[in-house]
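User: Please take a close look at the metal site in this model, and then work outwards to the parts around it. I am in my first year, so explain each term when it comes up.

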Amino acid sequence: MQLSQDYLEARGRFLDAARQADVPVVHHDHPRTGPGGEALATDVAVVGAPDAPNRLLVISGTHGVEGFAGSMCQTEWLARGARVPDDLAVVLVHAINPYGFAWIRRVNEDNVDLNRNCIDFGGALPENPGYDRLASALVPTSWDEQTQAETTGELLEYAAEHGFDALQEAVSRGQYQHDKGVYFGGRRPVWSRETLEAIARGALTGATRTGIIDLHTGLGPFGVGELIASHPDPAGRDRLASWYGDGAYTLPSEGTSVSSDVTGDILDGLDDWLDGPEVTGVAIEWGTVDIVEVANSLRADAWLHSYGDPRGPEAGPIKAGLKAAFAPPDPQWATMVWDRFTEVTGAAAAGLES
Ligand SMILES: [Zn+2]
């Protein structure tokens, strides 16, 4: 069990494992390339009969760089034989945001957070006045030591005034005004959203029951995989409790999660896009390092791509910081991630069968 070094290696290992398991893969080519000029794609492997009544969609790389963990789990599961019962198909969506994965970013080619992009852009955009107030401190135009010290001071002042949870909420809930900022939800549906919608409609239409597992890293205690639901209806809550156990999942909308209650996440999107099958979705969020270190790595990266040079000398340390914050190079962490992955996917498969 091992995290890949980069997107190219992760993709190669995933495709090899699918080939060896005799599992067909469909490629959705991305219009851009990676930092080494490599082709980018979202690859979809379907294990089992595609028209099985129960289907489980497992998504990696929604947040680009977070894909190292999810890719490892998907690949390992294929490599260990990937067996499913007759009435279940498992749909592995590898690197739904391949650009962010390859460029070591949490966002996509448009600086958009895919997990904030799944709103209805026909209506008024959600407002986030807390973010508006903090925008210039979060991603300043320069990133020297003095600016970092000053802007971090401003953020701490906000936390002292409103509380740390309010700071996290303002920063990470999602914002639609500051296109050079962090947690920017975009102004239109992005490539990854449209691709995910097409994949989900194609793979899940006609199913009776579906489960979604979206794989994330970067929040919570080291190696702990918190199960997070988005905005399930009462029947959805009952299914979550029966699949995973009472109290086994958290709800950001009720303040029980390490995550803020976000706007436009893909679980809500999938629930809207799929009419017909019953949808029971969760994210697994594996903790890595301290939240301040995670936040600062994202601020540095947003600065690099908005005001710096992603191919310049500052890029190396900033990218290393992101990788350490979202995919810690620690075998113990990888083992904890894998163990939790098998536990959750096993529970989902059993839940779909019940
Ligand atoms: Zn994430």
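Analyst: The account below starts at the metal and then moves on to salt bridges, packing and a few single residues.

This is a predicted model, in which local features need pLDDT of at least 70, side-chain atom pairs count only at pLDDT 80 or more, and totals for chains, interfaces and linings use all residues. Residues are numbered from 1 along each chain as its sequence is written, and side-chain values use heavy atoms, with hydrogens and water left out.

The zinc ion has protein donors from His63 (ND1), Glu66 (OE), Glu66 (OE) and His216 (ND1), at 2.0 to 2.7 Å. Donors are N, O and S atoms within 2.8 Å of the metal (3.2 Å for Na, K and Ca); water is not among the atoms, so sites may look incomplete. Along the chain, the donors of the zinc ion have the spacing H-x2-E-x149-H. The angles among the four donor atoms run from 52 to 147°, and the site is irregular. Four donors count as tetrahedral if all angles lie between 85 and 135 degrees; four count as square planar and six as octahedral if opposite donors are over 155 degrees apart and all others between 65 and 115; anything else is irregular. Histidine 63 and glutamate 66 are both buried. Buried means under 20% relative accessible area, exposed over 50%, and partly exposed in between (1.4 Å probe, protein chains only).

Glutamate 66 also belongs to a network: salt bridges that share partners join Glu66, Arg106, Asp113 and Arg116. A salt bridge is a side-chain nitrogen of Lys or Arg within 4 Å of a carboxyl oxygen of Asp or Glu. The whole structure has 16 salt bridges. One of them joins the side chains of arginine 105 and aspartate 301, at 2.8 Å from N to O. This pair links distant parts of the chain, 196 residues apart: arginine 105 is in the loop between α3 (98-102) and α4 (129-138), and aspartate 301 is in helix α10 (residues 291-306). Helices (H or I, at least four residues) and strands (E, at least two) are DSSP runs, numbered from the N terminus. Arginine 105 counts as buried because its relative accessibility is 4%, and aspartate 301 is buried because its relative accessible area is 3%.

Two further salt bridges can be set beside that one. Arginine 187 pairs with aspartate 179, with the closest N and O atoms 3.7 Å apart. Arginine 187 is partly exposed, at 40% relative accessible area, and aspartate 179 is partly exposed, also at 40%. Arginine 340 pairs with glutamate 343, with the closest N and O atoms 2.6 Å apart. Arginine 340 and glutamate 343 are three residues apart in helix α12, so about one helical turn separates them.

Next comes the nonpolar packing. The largest nonpolar core has 79 residues, of which Leu78, Val182, Ile213 and Tyr244 touch the most other members. Helix α12 (residues 331-353) gives the most to this core, with nine residues. A nonpolar core is a set of buried Ala, Val, Leu, Ile, Met, Phe, Trp, Tyr and Cys residues joined through side-chain atoms within 4.5 Å. Leaving out residues up to four places away in sequence, tyrosine 244 touches Ile213, Leu227, Val282, Val344, Ala347 and Ala348. Another core lies apart from the largest one and has 25 residues, including Leu57, Phe184, Ala200 and Val279.

Helix α4 has the buried residues Gly130, Tyr131, Leu134, Ala135, Ala137 and Leu138. These pack against α5 (145-162), α6 (164-172) and α10. Contact means heavy atoms within 4.5 Å. Tryptophan 303 is in helix α10 and counts as buried, at 8% relative accessibility. Apart from neighbours within four places in sequence, the contacts of tryptophan 303 are Val139, Pro140, Thr141, Ser142, Trp143, Gly308, Glu314 and Ile318. Proline 140 is 163 residues from tryptophan 303 in sequence, but 6.8 Å from it in space, C-alpha to C-alpha.

Last are two residues other than glycine with positive phi. Alanine 95 has phi near 60° and lies in the loop between β4 (88-94) and α3. Alanine 95 counts as buried because its relative accessibility is 0%. Asparagine 111 also has phi near 60°, and lies in the loop between α3 and α4. Asparagine 111 is buried, at 7% relative accessible area.
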